[in-house]
Amino acid sequence: MSLKIRNLAIIAHVDHGKTTLVDQLLQAGGTYRDNQATQERAMDSMDLEKEKGITIKAKNTAILWEGYTINIVDTPGHADFGAEVERVMKMVDGVLLVVDAAGGPQAQTRFVLRKALQEGLKPIVVVNKLDRPLSNPQKVHDQVLELFLDLDATEEQFEAPFSYGSARDGYFMDSPDDERVDCTPLLKKIVEFIPEPAADPDAPFHMLVSNIEWDSFVGRVAVGKVLGGSVKKGDTIWLLRKDGTKQQSKVMKTFSYSGLATEDSEGGEAGGIVGIAAGIEDIDIGETLAATKEQDPLPFVEIDPPTVSME
Ligand code: GDP
C-alpha cells in the first residue's frame, strides 16, 4: 500500500520567500478557502511566540493536494537551533530549498542545507522571485550546484530537480522558459520526487516525540511523525519515558499542523506528522508515545548544541 503523504522541510535564507511560497501552495490546495484560520500567514507566528516567551520552534503546515497530504516543516535558519534542525531532518523525507532568483544562495541556506544533505535527504530546488527584473535563473542554478558540490552532496542529491517561478504571482515551471500557469508543476514534483515516508499502517500506534509545542487550551503538544498505526482523539495511549517509566493517558486533541495556524484534525495516520495533546505536563522530546505499554521505546539520539558558528 502506498502512503499519500509527503513530509518535507523548507530551507531558505530570510526574505527569499519561504512564507509566501507556503501560502501560495496552501491556496493551490484550496486550504485557504476552506479554513478561516489559515488566512493568517501560516508560518508567521514568530512574533507572538517571542511575546509569550516561548522558544522559537519549527512549524508544520499541511497542504492538501490531489488526495496527498504534503507536510512542510519550517526550519530555523540559524545555527543556534542546530539540534532542532537535526530533529526536523529526521522527521522528513526531503527538502525544498528556496533561493532568490536574483540574489542566489546566501549564508543561512548553507548551514541548514548541509544538515539536510548529511541526513541523506533529497532536495528540490525552488528558484523563486523569477518576476524580479534582475533575476538570473541560469546563474542561480549553477551557484546552487556549486554549493551542493561544496557541501559534499551525493550524486543523487546533485541531480536535484529545479523549479522556477514566483511565489508572489503564483506560478512555478520545470524550466524558466515554460509557460507561466500555476503551482501545479511544483506540487507534482514534490509528490513524484520526495519519497513516501517509511511507516507501517498495520503496526500498533507509535511515535517519537520530535518537538514540543504549546497550545493555550490544551498545554503541551507532542509533535512527531507517526511511525506505525494511527491515532485519534479519545484513544488511550502510553508515554514511554527515557528513564523506563510509563504513563497511561488519553488523547485530548490532535493537530494536523501546528504553530498559530494550528488546526484540529481527525487524527494522525502512519507516515503523517501530527501534534498530540494528551494532558501530560512533562512530556518531552525524545520520548515515545505508543498504543500499548509493551512496545519498545524508539531510539533517540540526543544532539549536542552545535559548536560551529554560522558560516
Ligand atoms: P521569508 O522570510 O523567506 O518567509 O520570505 P517572505 O515570504 O516573507 O518574503 C519576503 C519578501 O519577498 C516579501 O516582501 C514578499 O512579498 C517578497 N516575495 C516573496 N516571493 C516573491 C516573489 O516571487 N517575487 C517577488 N517579487 N517578491 C516576493
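## Surface and fold

Accessible areas here come from the Shrake-Rupley method with a 1.4 Å probe. The model is predicted. On that basis the chain exposes about 14,200 Å². Carbon and sulfur atoms supply 47% of this area.

The chain holds 8 helices and 16 strands. It has 311 residues, and 55% of them count as buried. Contacts reach far along the sequence. Among those between residues at least 6 apart, 71% join residues at least 24 apart.

## The shell around the ligand

The ligand has 16 residues around it. Asp15, Lys18, Thr19, Thr20 and Asp131 come nearest. By class, the shell divides into 7 charged, 7 polar and 2 nonpolar residues.

Which helix gives the most to this shell? Helix H1, spanning residues 18–28, does so with 3 residues.

## Polar contacts and burial

Two backbone positions approach ligand oxygen atoms. At Gly17, a backbone N or O atom lies 3.0 Å from an oxygen atom of the ligand. At Arg168, a polar backbone atom is 3.2 Å from an oxygen atom of the ligand.

A side chain takes part too. An N or O atom in the side chain of Asp131 is 2.7 Å from a nitrogen atom of the ligand. Asp131 is also one of the residues that come nearest to the ligand.

How much of the ligand does the protein bury? Taken alone, the ligand exposes 580 Å², and the protein buries 75% of that.

Methods: Residues numbered from 1 in each chain as written. Predicted model: local features only at pLDDT ≥ 70, side-chain atom pairs only at ≥ 80, totals over all residues. Heavy atoms only, no water. Helix = DSSP H or I, 4+ residues; strand = E, 2+ residues; numbered from the N terminus. Buried < 20%, exposed > 50% of the residue type's maximum accessible area, 1.4 Å probe, protein only. Contact = heavy atoms within 4.5 Å. Near = heavy atom within 4 Å. Polar contact = N/O pair within 3.5 Å; in protein donor to acceptor, adjacent residues only side chain to side chain. Nonpolar A, V, L, I, M, F, W, Y, C, P; charged D, E, K, R; others polar.
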